[in-house]
There are 4 protein chains.
Amino acid sequence: MAVGLWLVGARGSLATTVTTGLSLLSQHAASSHGLVSELPVFGDVELPGYDEIVVGGHDVVDVSLRKRAESLVSGGVLPQTALALTDSTLGEADGRIRFGIGDGENARQSITRVQRDLEEFRQANNLETVIVVNVSSTEAVVEPHLAHDSLQALDVALDAGEAVLPPSSLYAYAALDAGFPFVDFTPSLGASIAALDQLARARRVAYAGRDGKTGETLLKAVLAPMFVQRNLRVTSWAGLNLLGGGDGRSLAEDDRKSAKLTSKARSLREGLGYEVDAPVGIEYVEDMNEWKTAWNQVRFQGFLGTPMTLQLTWQGCDSALAAPLVIDLVRFVALAQRSGEVGALDALAFFFKDPLGGDEHGLVRQFDRLTEWATALEPLT
Amino acid sequence: MAVGLWLVGARGSLATTVTTGLSLLSQHAASSHGLVSELPVFGDVELPGYDEIVVGGHDVVDVSLRKRAESLVSGGVLPQTALALTDSTLGEADGRIRFGIGDGENARQSITRVQRDLEEFRQANNLETVIVVNVSSTEAVVEPHLAHDSLQALDVALDAGEAVLPPSSLYAYAALDAGFPFVDFTPSLGASIAALDQLARARRVAYAGRDGKTGETLLKAVLAPMFVQRNLRVTSWAGLNLLGGGDGRSLAEDDRKSAKLTSKARSLREGLGYEVDAPVGIEYVEDMNEWKTAWNQVRFQGFLGTPMTLQLTWQGCDSALAAPLVIDLVRFVALAQRSGEVGALDALAFFFKDPLGGDEHGLVRQFDRLTEWATALEPLT
Amino acid sequence: MAVGLWLVGARGSLATTVTTGLSLLSQHAASSHGLVSELPVFGDVELPGYDEIVVGGHDVVDVSLRKRAESLVSGGVLPQTALALTDSTLGEADGRIRFGIGDGENARQSITRVQRDLEEFRQANNLETVIVVNVSSTEAVVEPHLAHDSLQALDVALDAGEAVLPPSSLYAYAALDAGFPFVDFTPSLGASIAALDQLARARRVAYAGRDGKTGETLLKAVLAPMFVQRNLRVTSWAGLNLLGGGDGRSLAEDDRKSAKLTSKARSLREGLGYEVDAPVGIEYVEDMNEWKTAWNQVRFQGFLGTPMTLQLTWQGCDSALAAPLVIDLVRFVALAQRSGEVGALDALAFFFKDPLGGDEHGLVRQFDRLTEWATALEPLT
Amino acid sequence: MAVGLWLVGARGSLATTVTTGLSLLSQHAASSHGLVSELPVFGDVELPGYDEIVVGGHDVVDVSLRKRAESLVSGGVLPQTALALTDSTLGEADGRIRFGIGDGENARQSITRVQRDLEEFRQANNLETVIVVNVSSTEAVVEPHLAHDSLQALDVALDAGEAVLPPSSLYAYAALDAGFPFVDFTPSLGASIAALDQLARARRVAYAGRDGKTGETLLKAVLAPMFVQRNLRVTSWAGLNLLGGGDGRSLAEDDRKSAKLTSKARSLREGLGYEVDAPVGIEYVEDMNEWKTAWNQVRFQGFLGTPMTLQLTWQGCDSALAAPLVIDLVRFVALAQRSGEVGALDALAFFFKDPLGGDEHGLVRQFDRLTEWATALEPLT
């Protein structure tokens, strides 16, 4: 029985790469590079096949997936051959995208509408479950609110028509309340509040997040333990991220930037075990299109205080790094749901900058946790 | 009871940094940065204290340790304050350095002379044992020889006056035969032949090696697993090492270079699990003195074959990176010897580019192996 | 007859390097690296000797020059040997530093006090002239004001007690009004307003500025013409400057940052001849002390639009780059003054990011202009 | 009347980019980025139009230009749209390529055959002249030979059947002897010997070379003067070039490498005015295809000997950088020939790493020389 993948931000670069990629994988027209779930260690784990995943989603823009795929081809993210091979699939997926949460309705109305869309999607495609994955733009940081701390307080506030949740959390509420898993691939608030954890447990549904670990933070997750294990004291870790494309434009807005940077800083501090001077800049550079350059300068002290330096330049394409992880997450979360897992899936920390429900920031230990967990899961019958 | 550290290459930059560093640590005049054995996880392990390690060694040059220390201060490797604090210790250590293996004697004569020096050192300083550590210049690659394959064949060849062993292996023979542990911090042949493994087992003594993992290879040991665990295919890993100082000058000689490069390539191939195009250059740049710059360009494929690039620039000082590892090795090997460990210490793979007796090339797993081993050892009484 | 060098910011890293450097040069204890005025092309130009330059200045802090020199030695900017050789000179210079413009007096009072200090300095040291050079921290950007546009309007505003000038411009006013040349090595307002140009012409005195071209902008000044002459279209030029020390701390304040960035952007735009996306970050990284790393990513289009990339990493010490330029400027300005030059010295554009009185931004053409001008000047008798 | 461009190496990446580019330019289907001859300063110079240049050439391989163009499209060098637009032009050019100098004939036979091909090409296309441009693989270094020093000696040797000239020089001989200009875009011997200079003067024909200045050396040509003009002493300039494609494969052969490196080193030494430690590596990295990464580390001393570092990473596509220069050269050489210029065209030094007939290595001065020369030329009537 098939599984639904409901993408919030379904017309963005990442979502389009996921949708195109799934189609190519189903046709055996793409290699499995970048897919963690294809590693030999997961060979015996019963994960859904690529042709068993049906894509739909929400978005507030209306560019067609085909149009978007064309620009990903000219940006060097998708291969030229992808267009012809996925043309009909993209057309179908396009028809399953609904208008996302915008202005003009209150929170309860949005939740109800989203739930109706999800249920309709499930029934129309005869799906076992629907996994909602947030891949939309990063939201501005949301101030803590008392209504975030308990489900009861949250429900009171929502009933009173108070605007206490950003869209990412409204999607999370809608999904979890309807018994569908929720994954936040962005640093937005999403399901990361106590109230929604209570909701997930009450509905016996799993969730995971947040902020996909694609590039610079991936490096930090292996380099920080290296410095720790060699007892080399890091004295500063400064960096600059240059981003093109839609992601860059929105991140360069100051309040969204700060959401991103908070997530990055936490990851480094927990990896090293101490505070370190770590200024990180994010700049939008239009001509980079879908690409990203991250430059880092790490300064550290060796024996007898000798100062040394490591510089890193990462030139990657976020959509191409993130898309296979989104597919991996859908597969692992589908398995978790089948196996009766409930609440924050800390075993998926490997995929996130700021993992919910876990505190291990070293990549290798996160990988061990993932493999132990996934190979031990047994689908309920 | 004190332990002897016998450095082959005792007047080089690394040996001088080790000797000075031990003195500063004994006086509590240096922090423990860079020393793995000082990590909290080893807090309950009974390792020899810094003031329980007596330094001696062999060398074929005769520059004084003080002179060498002065040039390390002006090169920014040792702090200015080190000179006054270690003046008398360096003078004493100087007096314990003997002339190394050179021309004019055959292999048996060299072995006998080295053993006499070691035994004299042990008695004069009332030492429990003497750990011989090779930190001399990298030797040219030695062709395999039948005499390397068994102790019996080796003894026959040595008795016949055949020159089948390079100096590093003569030191290893001398040490092991006399019941003293041997550690090779260089990529030279050292104890890495079956004949010497047999000798070590026959004399019930431990040995470790080879080629200290200080900079570029340290990075490879954490980055290669990262690419593997993320299923990102590395398509090339090219690099250039610019070295100043004595180490640079000798490595730039073509046959020594090739010994070094072989060791680096093996490490990468085993870390990734497949062959990859990995040209590495080594160049001597006089004005870099004690410093080293390693630049690496790693190209890899993400999802759908999208090519991406990671560049690394490592600017470090090899002596300052290697010295604490040499001290760590002496402490761990002393413990191993007290605990009755025999043969190649594969648990020390964490310290080496080309670990003897083990095949784990991921740094985190090597670290786990080290901590499990060290915390479980129990000194024989 | 000697010339006075009056440093505004006389106790900073740059001023201390200038003062120490002049003393070492006078004693023939330093090579002439970094000094443009020592190039063979200026061999016949009659510039003041290093022992003919007497240093004094203003500052608002009271750390001693010796103390400051010690920290420059430990930061690797000055050689260890400098301290003993310059001890007495630094002591004397210390005695010639007066308290700078701070709070508690109005503009006219500040100007009068500064002029008294300058005149006293001139007489006490029997100086031919005093050249005031601003090397203090960059000021926040000053809004344009009508009083900046004519000397008459400025004088009316100052007489009315209005605070229309920042300290840098008060120093410039004081110097020019007293007939002493003024040089602004910072991007502050200084003498860059029409009112002060009129004052300089009225008093028949020369001035120069602004913002010394030491590192990243020096590179831009040669690379921008290269792209232009090869008809390669630059599509973005993004960068990050990591600064330690006092300079870094003050530049990281947002309004000062913006003064610096405006100056950098103008230079690039004029060098290329068109607007380009050029985000530049400045971050303070405490552990870098006196050092600076500037990373730049330049993207450009080759034939048929093929996108290419140049990355630059500049690791320098601003004080060591700037100090010889300050000395050069004093020498050339002294010559200009002797030769009757009046107003903005556009021939000194070679030294500045944002040259006053000139619009040539290519380094080679600026160099040609400098050499033609300097070799043609004839001191009035 | 049209001009012929005869490419030696006519089926390589560079030649194919030139041929495709000329076709696109003729159709106004490409911008003029990268073309120096399109700069406004040359607006009044009468250069041949793109549609007045007919392409032919020699090669020893037989891959079709269309095939080659396809792989340049997939390598990101040519735009996707280029294929349809240039299909017929590439087909025609293909028909004008003859088999190059290979084994099985002696020098005189090769020269005669080449001359016949050139003359046939000229007549068939009704060309005013034919400009032969060598863009084939770099040859191994050729030992100096007495026959290179005078035309008379050379002719004697050739008549005697001696193999004293490599192919590049045979092409040069054939062209010049037939009264056609010759340009060497490679570091091969070509026309750079006294004997061929005499031949060119005897036949009153112009020639130019050698080794197109496309990437790393272009940077050196602007950075070296910067260090000189700032009196900053460069102490080392080390680098590594990583090359893919055919060019990379052949350059990685040791003797060809050495030809390339000699040319690079000379350029740096002449730019700085002194010898500097400048090891340069060249490595072939298959997965880079048509692309090249050059990494450079420049170390220099500032004031009082403070050591600083500049690192450069150049990621470019040699064909896209070189193709417009080849087109520029044809246009300028056609003009020179029309204007009666004879011998080495030193005014074209701007285009070459190792300019024949000139000794100016600073890019800006070379540019000035080029513009003065070109704007002053008057075609003979």
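**The interface between chains A and B**

In this predicted model, strand β10 of chain A (residues 307-317) lines up with β10(B) in the antiparallel sense, and the pairing runs over seven bridges. To pick out one rung of that ladder, A:Thr313 has B:Gln311 in β10(B) as its bridge partner.

The two chains are related by simple symmetry. Laying chain B on chain A takes a turn of 180° and a shift of 0.0 Å along the axis, and leaves an RMSD of 0.0 Å. The pair is thus related as by a two-fold rotation axis. Within chain B, the residue that comes closest to this axis is B:Leu312, whose C-alpha sits at 2.4 Å. The overlap between the two sides fits in here too: 100% of the interface residues of chain B are also interface residues in chain A, so the copies meet through the same surface.

As for the extent of the contact, chain B puts in 60 residues and chain A puts in 60 residues. Together the chains bury about 5000 Å², with 64% of that on carbon and sulfur atoms. A trio made up of B:Arg230, B:Phe303 and B:Leu304 supplies 18% of the area that chain B buries against chain A, more than any other three residues.

Turning to specific interactions, 20 residue pairs are in polar contact across the interface of chain B and chain A, counting pairs with both residues at pLDDT 80 or more. On the side of chain B that touches chain A, two or more residues come from each of α1 (13-26), α8 (216-229), β9 (291-301), β10 (307-317), α11 (318-338) and α12 (363-376) of chain B. Of these, β10(B) gives the most, with 11 residues. By residue type, that side of chain B splits into 37 nonpolar, 17 polar and six charged.

Salt bridges also cross between the chains. Side chains of opposite charge can pair when their charged atoms come close. Two salt bridges turn up across the interface of chain B and chain A; one of the contacts of this kind joins the side chains of B:Asp368 and A:Arg365, at 2.7 Å from N to O.

Over all chains, the whole structure holds 71 salt bridges. Among them is a pairing inside chain B, where the side chains of B:Asp354 and B:Arg210 meet at 3.2 Å, N to O. This one ties together distant parts of the chain, 144 residues apart: B:Asp354 lies in the loop between β11 (343-344) and α12 of chain B, while B:Arg210 lies in the loop between β6 (206-209) and α8 of chain B.

Technical notes:
Residues are numbered from 1 along each chain as its sequence is written. Chains are lettered from A and ligands numbered from 1 in the order in which they are written. This is a predicted model: local features need pLDDT of at least 70, side-chain atom pairs count only at pLDDT 80 or more; totals for chains, interfaces and linings use all residues. Side-chain values use heavy atoms; hydrogens and water are left out. Contact means heavy atoms within 4.5 Å. Buried area is the accessible area (1.4 Å probe) that two parts lose on being put together, summed over both. A salt bridge is a side-chain nitrogen of Lys or Arg within 4 Å of a carboxyl oxygen of Asp or Glu. A polar contact is a pair of N or O atoms within 3.5 Å; within protein, one must be able to donate a hydrogen and the other to accept it, and residues adjacent in sequence count only if both atoms are side-chain atoms. Helices (H or I, at least four residues) and strands (E, at least two) are DSSP runs, numbered from the N terminus. Ala, Val, Leu, Ile, Met, Phe, Trp, Tyr, Cys and Pro count as nonpolar, Asp, Glu, Lys and Arg as charged, and the others, Gly among them, as polar. Two strands pair if DSSP finds at least two bridges between them. Copies are superposed by least squares on the C-alpha atoms of residues with pLDDT of at least 70 in both.
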